[in-house]
Every structure is written in C-alpha cells, then in structure tokens.
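Me: I should like to learn how to read the features of a protein model. Might we work through one together?

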Amino acid sequence: MASKIYGYCLCGQITYEYGGSVGPAGYCHCEDCRRCTGSAFNISVRFDLSEFHITSGSPRGLTKRGDSGNELTRFFCPECGSPIYTASPTHPRQVYVKAGTLDDPKAVQPARQDWVASVVPWSRIDLDIDSFAGGGE
C-alpha cells in the first residue's frame, strides 16, 4: 500500500488525500491547459479515482470539449480559483491532479508531453537570466 499523498488549493478551502499508486505525470501544452493554469503548460499526475478523496471543501467544475474532441471537466476552488484536478468520461477510473497542488512535489515524475505542436516559444527558462533563490531584488 502506498503512503498517503495530500494536497490543497491556494487558500486551503479544498483539501484532498490519495492512497493509491501515483501514475506518471504529464505536461500538456494545449491552449485550454494554458488558459486554465494561466501558464505555459499544465502538469498533472494520474491518480486512481477510487483512492482520491476530497477531504474539505467542494470544488466547482467546468465542462468543455477539448481540441481532442473529448469532454473534460476541470475542477477548481470556487474561492481562490486554483485548478485542482481534471476528469473525463474517456478515462472514468482516473483523475488528473494538478501537480502544483501536491504537498510533496517529489511525487511528480513527468513521463510525457501532449500537444507539443502548441508549445509557446517562451516556455523554456533561459538559464542565463537573473535568478534568485528567493524573491527577486
């Protein structure tokens, strides 16, 4: 049995726990994922739905058909707007949890990228730019 994994949204209203095997993480570069995360891509981790439990709060869902033609429901915190997970009738036994919500980021092991034709040119971080261990000066 895997140890429990915990996570929460930015404001802490939505919390969850997971007790199953952690599936591979994936990057998605599609336009919908960029818009729902407000970033260059989405990183999500596959969890078995039967082992994933919301422990506080009630996420709100928005259902939309993606470029793949599949319907996706993206669940987010109604208070702070943090995206929490995505579900799809195409994969009824899994949810795809947003990697940034996990308490332990070491559980994230990216193994794939989707929609690479949509990669934005500024998504790579130039190692020569000013970098700070904490907040910039």
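Reply: Let us begin with a definition. A nonpolar core is a set of buried Ala, Val, Leu, Ile, Met, Phe, Trp, Tyr and Cys residues joined through side-chain atoms within 4.5 Å. Please bear in mind that this is a predicted model.

Me: Which residues touch the most other members of the largest nonpolar core?

Reply: In soluble globular proteins, nonpolar side chains tend to be buried together. Here the largest nonpolar core has 20 residues, and those touching the most other members are Tyr 16, Phe 47, Phe 52, Tyr 85, Val 95, Val 97 and Leu 102. At least two core residues come from each of strand E2 (15–18), strand E4 (42–48), strand E8 (83–87) and strand E9 (94–98). E8 gives the largest share, three residues.

Me: How many helices and strands does the protein chain have, and in what order do they run?

Reply: The protein chain contains one helix and 10 strands. Read from the N terminus, the order is β-β-β-α-β-β-β-β-β-β-β. The radius of gyration is 15 Å, close to the 14 Å given by the globule rule for 137 residues, so the chain is as compact as a globular protein of that length. The C-alpha trace spans about 45 × 35 × 30 Å along its principal axes.

Me: What share of the residues counts as buried, and what share of the contacts joins residues at least 24 apart?

Reply: Buried residues make up 32% of the 137 in the protein chain. Among contacts between residues at least 6 apart in sequence, 57% join residues at least 24 apart. The accessible surface of the chain is about 8700 Å², and carbon and sulfur atoms account for 50% of that surface.

Me: How should I read a single core residue, and is Phe 47 buried or exposed?

Reply: One may take its element, its accessibility and its contacts in turn. Phe 47 belongs to strand E4. Its relative accessible area is 0%; buried means under 20%, and therefore Phe 47 is buried. Beyond the neighbours within four places in sequence, Phe 47 is in contact with Ile 5, Tyr 16, Tyr 18, Val 22, Phe 52, Arg 93, Gln 94, Val 95, Val 97 and Leu 102. With Gln 94 the separation is 47 residues in sequence but 5.6 Å in space, C-alpha to C-alpha.

Me: Where does Ile 5 lie, and which residues is it in contact with?

Reply: Ile 5 is located in strand E1 (residues 5–8). A relative accessible area of 13% makes Ile 5 buried. Apart from neighbours within four places in sequence, the contacts of Ile 5 are Tyr 16, Glu 17, Tyr 18, Val 22, Phe 47, Leu 102 and Ala 107. The C-alpha atoms of Ile 5 and Tyr 18 are 5.0 Å apart, although 13 residues separate the two along the chain.

Me: Let us turn to residues outside the strands. Where is Trp 115 found, and what is its relative accessibility?

Reply: Trp 115 sits in the segment after strand E10 (110–114). Its relative accessibility of 38% falls between 20% and 50%, so Trp 115 counts as partly exposed. Setting aside neighbours within four places in sequence, Trp 115 is in contact with Cys 28, His 29, Cys 30, Asp 67 and Ser 68. The backbone also deserves attention: Trp 115 is not a glycine, yet has a positive phi of about 55°. From Trp 115 to Cys 33, 82 residues apart along the chain, the C-alpha separation is 10.0 Å.

Me: Which loop holds Gly 57, and which residues does Gly 57 touch?

Reply: Gly 57 lies in the loop between strand E5 (52–56) and strand E6 (60–65). With a relative accessible area of 39%, Gly 57 is partly exposed. Not counting residues up to four places away in sequence, Gly 57 touches Gln 13 and Ile 14.

Terms used. Residues numbered from 1 in each chain as written. Predicted model: local features only at pLDDT ≥ 70, side-chain atom pairs only at ≥ 80, totals over all residues. Heavy atoms only, no water. Helix = DSSP H or I, 4+ residues; strand = E, 2+ residues; numbered from the N terminus. Rg over C-alpha atoms; globule rule 2.2 N^0.38 Å. Buried < 20%, exposed > 50% of the residue type's maximum accessible area, 1.4 Å probe, protein only. Contact = heavy atoms within 4.5 Å. Areas by Shrake-Rupley, 256 points an atom, 1.4 Å probe, with all protein chains shown as cover.
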